[in-house]
Amino acid sequence: MSPRAGKNSGHTPHTLAFVESPVQLLNVLEWAHARELHPREEPGAGFTLVVLSPTDPMTRGQLRRMAELARREGHTVRWEEARGGTTAPFRTIGGLMPLLRHAERMVMGDPFSRYVQLLLTITRASELVVVDDGTATMEFVGQLARGERLVRWHRKGGRTGPRDVLFAPVSAAARRRLTPGTDRGVEVFSSMPIKDAPDGVTITSNVFAWTRDRFGPPRVTKTADMVGTSLVETGVVDADRYLEAVQRLAKAHGATRYFAHRRESTEKLHRLAVETGLEVVRPDLPLELIARRGPIGRTVLSFPSTVVHTLPLALSGTDVRVAVCDIDPAWLTEHASPRAQGFLSGVTGTAKDVHRLAAVSVV
């Protein structure tokens, strides 16, 4: 499945992309750049980017900023209030039916999303593309290769709820659609280290060429910055242990700013600012773009997360060092998935061009 297949055949497939987060939208822009889809030069390119808007205010704000960047690139962006009440999904899907029926290629950012899985059972697209939604992409490819049901890594091993049971047939159908066949190609466009991809799945590297072309290089300061994580909010890491680890890590490396994850709670961030003295920054764009625009610290500290893979790519050619601190097993909550420690260790261990730090000791 060549990136130039549409051009070389004299026919550009109509592409429909679905995103639910700012990072997904960024990676769709990276994919379009890698595919050399230039809407200003080729008005008939047939690329429609659909935002399935969530309700979280922080995510919505970042998505609006990213949607504006996409429009500046010349892309057609369709904003859907996909979760505005019980009837919203029916209105959204009903309005998208003509596009879904005619799309020859579907790009998606989160194959674990129930919304996306439902759309997969409707579309007739012969090309399916999955772009990164963070480290979950690694788990998705692994589950697809093993023929397992699609379950987010931090939920694996947990109880199956009534909604999971009701949705199981749709999820199973979506997984079958995401399995390559003679009449269907599947591509994963990723900056993650992906191993053991299923036969027939094309892996394309995302090197953040669009980000580096449009932004920076940044001004690099002499201090250190920290990157926040939502591991507390997802129930994986204990809040008290996390805050103490942040405080010790910041003190050891002279960090002054803390870039909050969009899902971090206001209460936790307020407590973090008071207890650590760090300046809490709520980014209005994905961190890859914030860092590339600058200013950014000479050292960027992170716990295991997507950014330990993406920031070295986005900041290629600069003097910024990305350092990752391991998660101590003692920080995990009793509700954490049995796979949590192994998965987080894998995220850190497979990261390239980062400096690995030992887990800080907390009581």
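These legends walk through several close-up views of the predicted model shown above.

A word on conventions: residues are numbered from 1 along each chain as its sequence is written, and side-chain values use heavy atoms, with hydrogens and water left out. Because the model is predicted, local features need pLDDT of at least 70 and side-chain atom pairs count only at pLDDT 80 or more, while totals for chains, interfaces and linings use all residues.

**View 1. The whole protein, with 13 helices and 13 strands.**
Helices (H or I, at least four residues) and strands (E, at least two) are DSSP runs, numbered from the N terminus. Of the 363 residues, 53% count as buried, where buried means under 20% relative accessible area, exposed over 50%, and partly exposed in between (1.4 Å probe, protein chains only). Contact means heavy atoms within 4.5 Å. Among contacts between residues at least 6 apart in sequence, 72% join residues at least 24 apart.

**View 2. An open sheet of 7 strands.**
Two strands pair if DSSP finds at least two bridges between them. Read across this sheet, the order is β3-β2-β1-β4-β5-β6-β7, with parallel pairing. The edges are taken by β3 (76-80) and β7 (201-205), each with a single partner strand, so one side of each is left without a neighbour in the sheet. From one strand to the next, the twist averages 20°; axes are lines fitted to C-alpha atoms, for helices over the stretch in contact, and angles run from 0 to 180 degrees between N-to-C directions.

**View 3. Strands β4 and β5, and helices on the 7-stranded sheet.**
Strand β4 (residues 105-108) pairs with strand β5 (residues 127-131) in the parallel sense, over 4 bridges. Look for Met108, which stands opposite Val130 in β5. Helix α6 (residues 136-146) packs on the sheet, where it touches β5, β6 (185-190) and β7, and its direction makes about 150° with that of β6. Helix α4 (residues 88-102) lies across β1 (15-19), β2 (47-52) and β3, and runs at about 155° to β3.

**View 4. Gln24 in helix α2.**
Helix α2 spans residues 22-34, and Gln24 is found in it. Gln24 is buried, with a relative accessible area of 2%. Not counting residues up to four places away in sequence, Gln24 touches Phe18, Val19, Gly109, Asp110, Val131, Asp132 and Asp133.

**View 5. An open sheet of 6 strands.**
Here the order is β10-β9-β8-β11-β12-β13, again with parallel pairing. At the edges stand β10 and β13 (355-357), each with a single partner strand, so one side of each is left without a neighbour in the sheet. Neighbouring strands are turned by 30° against each other on average, direction ignored.

**View 6. Strand β9 and its two partners, β8 and β10.**
Strand β9 (residues 255-259) is mostly covered, with 4 of its 5 residues buried. Strand β8 (residues 220-227) pairs with β9 in the parallel sense over 4 bridges. Two bridge partners are worth finding: Ala255 in β9 for Ala224, and Phe259 in β9 for Val227. Parallel pairing also joins β9 to strand β10 (residues 279-281), this time over 3 bridges, and Tyr258 stands opposite Val280 in β10. The chain crosses from β9 through helix α10 (residues 266-276) to β10, in a right-handed β-α-β crossover. A crossover is right-handed if, with the strands pointing away from the viewer, the path from the first strand over the helix to the second runs clockwise. Another right-handed β-α-β unit is made by β8, helix α9 (residues 239-253) and β9.

**View 7. Where helices α9 and α10 meet.**
The axes of α9 and α10 come within 10 Å and cross at roughly 40°. That makes α9 oblique to α10, since angles under 35 degrees count as roughly parallel, over 145 as roughly antiparallel, 65 to 115 as roughly perpendicular and the rest as oblique. From α9, Asp240, Tyr242, Leu243, Val246 and Gln247 meet Lys268, Arg271, Leu272, Glu275 and Thr276 in α10.

**View 8. Helix α12 and the loop that holds Thr318.**
Helix α12 (residues 307-314) lies across β8, β11 (296-302) and β12 (321-325), and runs at about 175° to β12. Thr318 has its place in the loop between α12 and β12. Leaving aside neighbours within four places in sequence, Thr318 is in contact with Pro218 and Arg292. The C-alpha atoms of Thr318 and Arg298 are separated by 9.2 Å, with the two residues 20 apart along the chain.
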